[in-house]
Amino acid sequence: MIIVDDVHKRYQTDHGPGKWVLQGVSFTIPPKLSVGLIGANGAGKSTLMMTVCGDPRARSGRIVHDGQDITDMPTHGIMRRGIAQAPEGRRIFGRMTVHENLLMGAEITGQPDVPALLEQVFALFPRLKERLTQRGGTLSGGEQQMLAIARALMSRPRLLLLDEPSLGLAPLVVRQIFAAIRELNRRNGLTVLLVEQNAYQALRLAHRGYVLVNGAITMTGTGAELLERPEVRAAYLEGGHA
């Protein structure tokens, strides 16, 4: 379980401390459940996810994983505790092949059974097996997103953090990506934190959802409950923007 407790963060600027990006954020991610975090651009979603991974550091507050305070732990130490991230923008290694990218994911935590891990990610994303020797930078956007998720899975995580996995993808590919996430959670018991602007898909998937506005949690409930909230529908599901 992850507990985020009263976390604050602001970035330093050339003119001094900037505005607060996170303002007293508190929430929990129970084991084996999927949690959706939605909000408008600039709400602080990506900063919150990166702060859980240790970069950037929280200005104040605590992040606790399985009873241990990881707030000041280095990112590689956090990864070795079974937490993996597929960041916004994918950030795959474009000059490396698909195979090399996947091996990098396993290397982070020193996974011994790489062939078995490869077969697991190929079962989830068969396209990657077809592209095994192709350079990551030549893949389509959807294939790159599959590779980013697969690379994270190669570390054999217990908690997977996904930042905007549907960004810029065609609707068919978005459905494929979300179907894979659902399978990982339901069949494999993988705990998932999903940061996503596609509120409909995120809340359909999530056991629990949170709405982040200007760096603060303003609403919480099950995914189904939030989908029915009039203010959520107006802001995120009917063409509006919070």
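Contact here means heavy atoms within 4.5 Å. This is a predicted model. Two pockets and two helix pairings are covered below. The largest pocket has a volume of about 580 Å³, and the second largest holds about 270 Å³. Helix H3 packs with H6 at about 35 degrees, and the axes of H3 and H4 cross at roughly 120 degrees.

**H3 against H6**

- The axes of H3 and H6 lie 7 Å apart, at an angle of about 35 degrees.
- H3 passes H6 in a right-handed crossing.
- From H3, Val 98, Asn 101, Leu 102 and Gly 105 take part in the contact. From H6, they meet Leu 147, Ala 150 and Arg 151.
- By class, this contact of H3 with H6 has four nonpolar, two polar and one charged residues.

**H3 against H4**

- The axes of H3 and H4 come within 11 Å and cross at roughly 120 degrees.
- That angle makes H3 oblique to H4, because 65 to 115 degrees counts as roughly perpendicular and only angles over 145 as roughly antiparallel.
- The crossing of H3 and H4 is right-handed.
- His 99, Leu 102, Leu 103 and Ala 106 are the H3 residues in this contact. Their partners in H4 are Val 114, Leu 118, Val 121 and Phe 122.
- Seven nonpolar residues, one polar residue and no charged residues make up the contact of H3 with H4.
- Leu 102 of H3 meets residues of H4 and also appears in the contact with H6.

**The largest pocket**

- The volume of the largest pocket is about 580 Å³.
- Its lining has 22 residues. Thr 75, Met 79, Gln 85, Pro 87 and Ile 108 lie nearest the centre.
- Five elements each supply at least two lining residues: helix H1 (45–52), helix H2 (75–79), strand S6 (83–86), helix H3 (98–109) and helix H6 (141–153).
- The lining of the largest pocket divides into 11 nonpolar, six polar and five charged residues.

**The second largest pocket**

- About 270 Å³ of space lies in the second largest pocket.
- Its lining has 13 residues. Nearest the centre are Gln 120, Leu 124, Leu 153, Leu 184 and Asn 188.
- Helix H4 (114–124) and helix H7 (171–188) each supply at least two residues of this lining.
- H4 gives the largest share, five residues.
- By class, the lining of the second largest pocket has eight nonpolar, two polar and three charged residues.

Notes: Residues numbered from 1 in each chain as written. Predicted model: local features only at pLDDT ≥ 70, side-chain atom pairs only at ≥ 80, totals over all residues. Heavy atoms only, no water. 1 Å grid on protein atoms, 1.4 Å probe; cavity = no way out; pocket = protein on both sides within 12 Å on 5 of 7 lines; lining within 4 Å. Points joined across faces, edges and corners; volume = space filled by probe spheres on them. Helix = DSSP H or I, 4+ residues; strand = E, 2+ residues; numbered from the N terminus. Nonpolar A, V, L, I, M, F, W, Y, C, P; charged D, E, K, R; others polar. Axes fitted to C-alpha atoms, helices over the stretch in contact; angles between N-to-C directions. Parallel < 35°, antiparallel > 145°, perpendicular 65-115°, else oblique. Left-handed = near helix turned anticlockwise from the far one by under 90°.
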